[in-house]
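Reader: I should be grateful for a close look at a single helix in this model and at the way in which the surrounding elements are arranged. Please set out the reasoning where there is any.

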Amino acid sequence: MNLVTVENLTIRYGANTVLRHVDMAIKPGEIVTIVGPNGSGKTSLLRAIIGAAKPAEGQVIRKPGLRIGYVPQKLHIDPTLPISVARFMRLTHRVSPRDCAAALQTAGVPDLPERQMSQLSGGQFQRVLLAHALINRPDLLLLDEATQGLDQPGSAAFYRQIEDVRRETGCAILMVSHELHVVMSASDRVICLNGHVCCEGSPAVVASAPEYRALFGTGTGGALALYRHDHDHDHDHCEDPKEAAE
Amino acid sequence: MLDDFMMRATLAGIGVAFAAAPLGCFVVWRRMAYFGDATAHAAILGVALSLAFQMSIFAGALVVALLMAFAVTLLSQRGYAMDTLLGVMAHSSLAFGLVAVSFLSGIRIDLMAYLFGDILAVSRSDLLVIWGGAALVVALVAWRWSQLLTGTLNEELAYASGFDPRREQLILTVSLAVTVAVAIKVVGVLLIAAMLIIPAAAARSLARSPESMAVSAAAIGTVATVVGLRAAYILDTPAGPSIVCVAAIIFAGLSLFGLSAQRRT
């Protein structure tokens, strides 16, 4: 059974229709990436899946008892709010210190539980958010532009962590990202969104689809080139001399 | 020892401090400092109405404060900026309240008593209302603590955990209205916001967790009440403002202490 099935979903904010007749589904254990330009309704789709946005038409069917882990796009903690990493981990679920330590380990930040959230670096902060999302042993992990504010090595490391998480926990992952090349190499399936589903399929299929090219281009700056770049290391376009020599 | 009225005043102040402490923390964390003002000023309108219709002051203030709180919550979800909205509501409701009071020519009201409170005139039944209201507020906030905290940090996180952050905000709003209504007699309309915000803000430099911040805020509010009333007794100063002054001095002291501690580490 699908973890989440989205049927004919339409979402409006006032007179503004952000999503039109979207159909999609997430199966257990798969990594699905949603790509799309700004304002294409990516975040709205995620909000609808967690129940934060009400459908104007259509419906979102969640598997009964589905556990969702959610990593928000941006989490602002007001400086007046003192909260340690360990306390943040217990925010929405009662957990034992051992489970808390295990989740922090899985997310790649094992040594921080006593630190205040305000003292974390951007990368550490995102990993703690990831750890918090994992603590309830979710069936489905949702990530909304989770690497915003990280530099390129930082976000690449973060996505490698995500693949490790899937391998270790077997949870399905639905993520929204604009970092097409990094994300697409890690995905089983890509959904290209622009108010509606433009195209959908394996990363290679989507990258060569005309709808996708119309949105993201095919030039050297385009995602197709970047995507290929990640997989073909036999040309000399590489910063790392050792890798270029191989 | 203390005269009986001093004892009642102290207990009333502590009751308000207890209810205000956890709420004040949320008000500070969510940056809705003017929410206290808005509901409090609305309460003046409530006082006027209750005098006109000969209801209890507490009931009148509570009803109008609740209406105000609902209106603000509803409008803020319609996309108005919170600070603008609160500014409009706070000042216009105070103005409407004062105008409404002026229509009550038949009754002579000491408006100052409602603006600045009269903690020394607290009766046994007032004490019952204050402690009843405070207990209700503390119980509500303690019951929904985790959810309120999650909703304060991030709404989507709240939805993903399976609850509606708007409902939690409503709980916060209702608690604020109740606190304002019970606190009118103690510190008065103009100083309620101070009792909400100053102890919570002062507690920030002591606290390492949200819970310890709420507890510290309650402790600071209690100390401010006891010391402020004592000072008012000795120096013959107005009681409510004296309490707020002591709270402000504690805030200044702790902030300086926090700054110097930060510099040392």
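Author: In this predicted model, helix H2(B) is largely enclosed by the rest of the structure, because 17 of its 20 residues are buried. A residue counts as buried here if 20 or more other C-beta atoms lie within 10 Å of its own. The length of H2(B) can be checked as well: at 1.5 Å a residue, its 20 residues should span 28 Å, and the end C-alpha atoms are 31 Å apart, which agrees. After H2(B) comes Gln54(B), which has a positive phi, near 55°.

One partner of H2(B) is H10(B). Two packed helices are described by the angle between their axes and the distance between the axes. For H2(B) and H10(B), the angle is about 155° and the axes are 8 Å apart. Angles over 145 degrees count as roughly antiparallel, and H2(B) is therefore roughly antiparallel to H10(B). The two helices, H2(B) and H10(B), cross in a right-handed sense. On the side of H2(B), the contact is made by Ala33(B), Gly36(B), Asp37(B), Ala40(B), His41(B), Ala43(B) and Ile44(B). H10(B) contributes Val189(B), Ile192(B), Ala193(B), Leu196(B) and Ile197(B). By residue class, this contact of H2(B) with H10(B) divides into 9 nonpolar, 2 polar and 1 charged.

H10(B), residues 189-204, also packs against H11(B): their axes come within 8 Å and cross at roughly 120°. That angle makes H10(B) oblique to H11(B). H10(B) passes H11(B) in a right-handed crossing. The residues of H10(B) that make the contact are Met195(B), Pro199(B), Ala200(B), Ala202(B), Ala203(B) and Arg204(B). They meet Met213(B), Ser216(B), Ala217(B), Ile220(B), Gly221(B) and Ala224(B) of H11(B). The contact of H10(B) with H11(B) comprises 9 nonpolar, 2 polar and 1 charged residues.

H2(B) is also among the helices against which the buried residues of H3(B) pack; the others are H4(B), H6(B) and H9(B). H3(B) covers residues 57-76, and its 20 residues should span 28 Å at 1.5 Å a residue; the end C-alpha atoms are 28 Å apart, which agrees. The buried residues of H3(B) are Phe58(B), Gly60(B), Ala61(B), Leu62(B), Val64(B), Ala65(B), Leu66(B), Met68(B), Ala69(B) and Val72(B).

H9(B), one of the helices that receive the buried residues of H3(B), has a further packing relationship with H1(B). The axes of H1(B) and H9(B) are 10 Å apart, at an angle of about 150°. H1(B) and H9(B) are therefore roughly antiparallel to each other. H1(B) passes H9(B) in a left-handed crossing. From H1(B), the contact draws on Ala12(B), Gly13(B), Val16(B), Ala19(B), Ala20(B), Leu23(B) and Phe26(B). From H9(B), the contact draws on Leu172(B), Ser175(B), Leu176(B), Thr179(B), Val182(B), Ala183(B), Val186(B) and Val187(B). This contact of H1(B) with H9(B) divides into 12 nonpolar and 3 polar residues, with no charged ones.

Two helices already described, H1(B) and H11(B), also have a place where the chains meet. There, 20 residues of chain B are in contact with 18 residues of chain A. H1(B), H7(B), H8(B) and H11(B) each supply at least two residues of the side of chain B that touches chain A. H8(B) gives the most to that side, with 5 residues. The residues of the side of chain B that touches chain A divide into 10 nonpolar, 5 polar and 5 charged.

As for the partner chain, the secondary structure of chain A comes to 10 helices and 9 strands. Chain A has 246 residues, of which 41% count as buried. Among contacts in chain A with a separation of 6 or more, 67% are between residues 24 or more positions apart. A single residue of chain A may be added for detail: Lys63(A) is found in the loop between strands E4 and E5 of chain A. Lys63(A) counts as partly exposed because it has 15 C-beta neighbours inside 10 Å. With neighbours within four places in sequence left aside, Lys63(A) is in contact with Met1(A), Asn2(A) and Leu3(A).

Key:
Residues are numbered from 1 along each chain as its sequence is written. Chains are lettered from A and ligands numbered from 1 in the order in which they are written. This is a predicted model: local features need pLDDT of at least 70, side-chain atom pairs count only at pLDDT 80 or more; totals for chains, interfaces and linings use all residues. Helices (H or I, at least four residues) and strands (E, at least two) are DSSP runs, numbered from the N terminus. The expected span of a helix is 1.5 Å times one less than its number of residues. A residue is buried if 20 or more other C-beta atoms lie within 10 Å of its own, exposed if 12 or fewer, and partly exposed in between; C-beta atoms are placed from the backbone. Two residues are in contact if their C-beta atoms, placed from the backbone, lie within 7 Å. Ala, Val, Leu, Ile, Met, Phe, Trp, Tyr, Cys and Pro count as nonpolar, Asp, Glu, Lys and Arg as charged, and the others, Gly among them, as polar. Axes are lines fitted to C-alpha atoms, for helices over the stretch in contact, and angles run from 0 to 180 degrees between N-to-C directions. Angles under 35 degrees count as roughly parallel, over 145 as roughly antiparallel, 65 to 115 as roughly perpendicular and the rest as oblique. A crossing is left-handed if the near helix is turned anticlockwise from the far one by less than a right angle, and right-handed if clockwise.
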